[in-house]
Amino acid sequence: MADNKLYETTQNLTQSVYETNKAIAQSAVAAQERNAKFAQGVFENSIEVLKSHVEASRSLLQTVSAHSNNPQGVFQTVLDSTLAAQRRNVALVQSILEDGTRTAKSHVAATQALVQDVEKKAQEQQNALAELPYMSAYTEWFYAPLNYYKRAVETTQSLANQALDVAQQSAQQGMEVSQKVSQQVMDAMLAASRQNQGK
């Protein structure tokens, strides 16, 4: 009878350890997939912006060539093209920051779910070990690394959340500064254009 109980407890413990390792592996694979999707999105968006820059440059060259006898019109066309390129660049940076923030948040959420799953499995393993008469003395010693891991993960999560907050604030401030500078450049170019037209 004792041998059956020992066998059953050992099987339960083995199954729990297997499920824990499987959850950790699946979490790592999912994180890699999220990273790959983010990188692919950045690459595709960047290519699209570059294509739009090439098309705008072609169009600009055609317009400049066709209207070379109208310097004010050419200047306005160059100004408009420059501002449009700036808007595309700002939109690209903003999409990268938003996608990066979303990816980081999903990493944090996945890590929290993994920690909860590992804690649950650790409790199952601890309960299984408690059923073994000769293991009860070693249970706390056996789980000391898991408790350390749990504290390390909690600290990492806290630091990741703080880093996300700082990154979001920095990105927002950067976007605001970029938009202000773009607006100032546009205003200065428009003022210069008006002065050229007045001459």
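Confidence in this protein is lowest in helix 3, residues 139-198, at a mean pLDDT of 70, and highest in helix 1, at 86. Keep in mind that we're looking at a predicted model. For the protein, the mean pLDDT is 79, and 84% of the residues reach 70 or more.

Let's start with helix 1, which covers residues 2-66 and holds His53. Is His53 buried or exposed? Its relative accessibility is 18%, and buried means under 20%, so His53 counts as buried. Which residues does His53 touch, if we don't count those up to four places away in sequence? They are Ala85, Arg88 and Asn89. With Asn89 there is something extra to look for: the side chains of His53 and Asn89 are joined by a polar contact of 2.8 Å.

Now please move along to helix 2, residues 71-130, and find Thr103 there. Thr103 has a relative accessibility of 13%, so this residue counts as buried too. Setting aside neighbours within four places in sequence, Thr103 is in contact with Arg34, Asn35 and Phe38.

Last stop: helix 3, where Gly174 lies. Remember, this is the helix with the lowest confidence, at a mean of 70. Gly174 counts as partly exposed, because its relative accessibility is 37%. And how far apart in space are Gly174 and Val93, C-alpha to C-alpha? The answer is 10.0 Å, while in sequence the two are 81 residues apart.

So, to recap our three residues: His53 is buried at 18%, Thr103 is buried at 13%, and Gly174 is partly exposed at 37%. Thanks for listening, everyone!

Technical notes
Residues are numbered from 1 along each chain as its sequence is written. This is a predicted model: local features need pLDDT of at least 70, side-chain atom pairs count only at pLDDT 80 or more; totals for chains, interfaces and linings use all residues. Side-chain values use heavy atoms; hydrogens and water are left out. Helices (H or I, at least four residues) and strands (E, at least two) are DSSP runs, numbered from the N terminus. Buried means under 20% relative accessible area, exposed over 50%, partly exposed in between (1.4 Å probe, protein chains only). A polar contact is a pair of N or O atoms within 3.5 Å; within protein, one must be able to donate a hydrogen and the other to accept it, and residues adjacent in sequence count only if both atoms are side-chain atoms. Contact means heavy atoms within 4.5 Å. pLDDT is the predictor's confidence in each residue, from 0 to 100.
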